Amino acid sequence: IQLTYAYGLSDRWALDILIGYAESDFLVDPGLAPRGGLDGITDTRIGLRWLAFDQDDDRPFTLTLAGAVLVAGDYATGAITAIGDGANGAELSVITGRSFDSGLIWQSELGYRFRDGEVPNEWYFNRTLSYAFNDRLSARLSWNSVDSRGNLDIGGPGFSPARFPELEEDFDLGLVGVSLAPNDDWVLGLDYGRKFEGRNTARSDVFALTVGRGF
């Protein structure tokens, strides 16, 4: 469960806050998951976005610069079922986008995430292509990639379960979804995705139901 709050401070500045709670389900394994599934408050993200320039007759796309601080949640680490890496951090990114008269919208984000302690920093690259059928219904296709800068592998030299947060975890996540706005205030969304095998990660399916309200 995630709660996301976005507030426009001005025409160019916006505040983003994300907090959530998560549970994992896994069999008890002495080496990988000694307690089986785990749960806890996820990492909190507090960010700012600044609109450098908008799409117009002279500029073919929108450019936004973003930054955020990450506050580690209260979950346990040291197992493959951990909710996160248990590290504070920060991230910086560049977001570009373009809308077309046909209803097609393209957006991409390239960023770098810094983590404290022994948790590796990582690059991330998100791309989304969406299409608005009308004012109420839209569909989207996303592809998200993470490239960790670590060098520790599961089962490699020096690895132990306590060092799970230090792993080099690389993966791609593909998502497809639809959104429906029953009125001007509410938006409902449904997404399905698959996390593909990469490095030190597990293939998994993702289902998400979102409810949004504008004020």
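This report walks through a pocket, a run of paired strands and a few individual residues in a predicted model.

## The second largest pocket

Let's start with some empty space. The second largest pocket holds about 170 Å³. It is lined by 13 residues, and those closest to its centre are R12, A14, R49, L51 and T64. Three elements each give two or more residues to this lining: β2 (13–23), β4 (44–53) and β5 (62–71). Of these, β4 supplies the largest share, with three residues.

What kinds of residue make up the lining of the second largest pocket, by class? It's a mix: five are nonpolar, four are polar and four are charged.

## D16 and its link to R49

D16 sits in strand β2, an element that also helps line the second largest pocket. Is D16 buried or exposed? It counts as buried, because its relative accessibility is 12% and the cut-off for buried is under 20%.

The side chain of D16 has a polar contact with that of R49, at 2.6 Å. R49 is also one of the residues closest to the centre of the second largest pocket. Leaving out residues up to four places away in sequence, D16 touches Y5, A6, R45, I46, G47 and R49.

## β5, β6 and β7

Now for the strands. β5 and β6 run antiparallel and are joined by nine bridges. One place to look is G67, whose bridge partner in β6 is L92.

On to β7, which covers residues 104–115 and pairs with β6 in the antiparallel sense through eleven bridges. Here S99 has I105 in β7 as its bridge partner. β6 and β7 form a hairpin, with four residues between the two strands. In that turn, G103 has a positive phi of about 105°.

## E91 and L92: neighbours in β6

E91 is part of strand β6, and so is L92, in the strand that spans residues 89–99. Which of the two terms, buried or exposed, fits E91? E91 is buried, since its relative accessible area is 6% and anything under 20% gets that label. L92, on the other hand, is exposed, because its relative accessible area of 54% is over the 50% cut-off.

E91 makes a polar contact through its side chain with the side chain of R113, at 2.8 Å. With residues up to four places away in sequence set aside, E91 touches R45, A66, G67, A68, L70, Y112, R113 and Y124. R45 turns up among the contacts of D16 too.

L92 may be exposed, but it still has a list of contacts: A66, G67, L110, G111, Y112, F114 and Y124, again not counting residues up to four places away in sequence. G67 in that list is the residue bridged to L92. As for distance, L92 and N126 are 34 residues apart in sequence, while their C-alpha atoms are 13 Å apart in space.

## N200, a loop residue with positive phi

Last stop: the loop between β11 (186–199) and β12 (204–213), which is where you'll find N200. N200 has a phi near 55°, a positive value in a residue other than glycine. Loop or not, N200 counts as buried, because its relative accessible area is 19% and the limit is under 20%.

Technical notes. Residues numbered from 1 in each chain as written. Predicted model: local features only at pLDDT ≥ 70, side-chain atom pairs only at ≥ 80, totals over all residues. Heavy atoms only, no water. 1 Å grid on protein atoms, 1.4 Å probe; cavity = no way out; pocket = protein on both sides within 12 Å on 5 of 7 lines; lining within 4 Å. Points joined across faces, edges and corners; volume = space filled by probe spheres on them. Nonpolar A, V, L, I, M, F, W, Y, C, P; charged D, E, K, R; others polar. Buried < 20%, exposed > 50% of the residue type's maximum accessible area, 1.4 Å probe, protein only. Contact = heavy atoms within 4.5 Å. Polar contact = N/O pair within 3.5 Å; in protein donor to acceptor, adjacent residues only side chain to side chain. Pairing = 2+ DSSP bridges.
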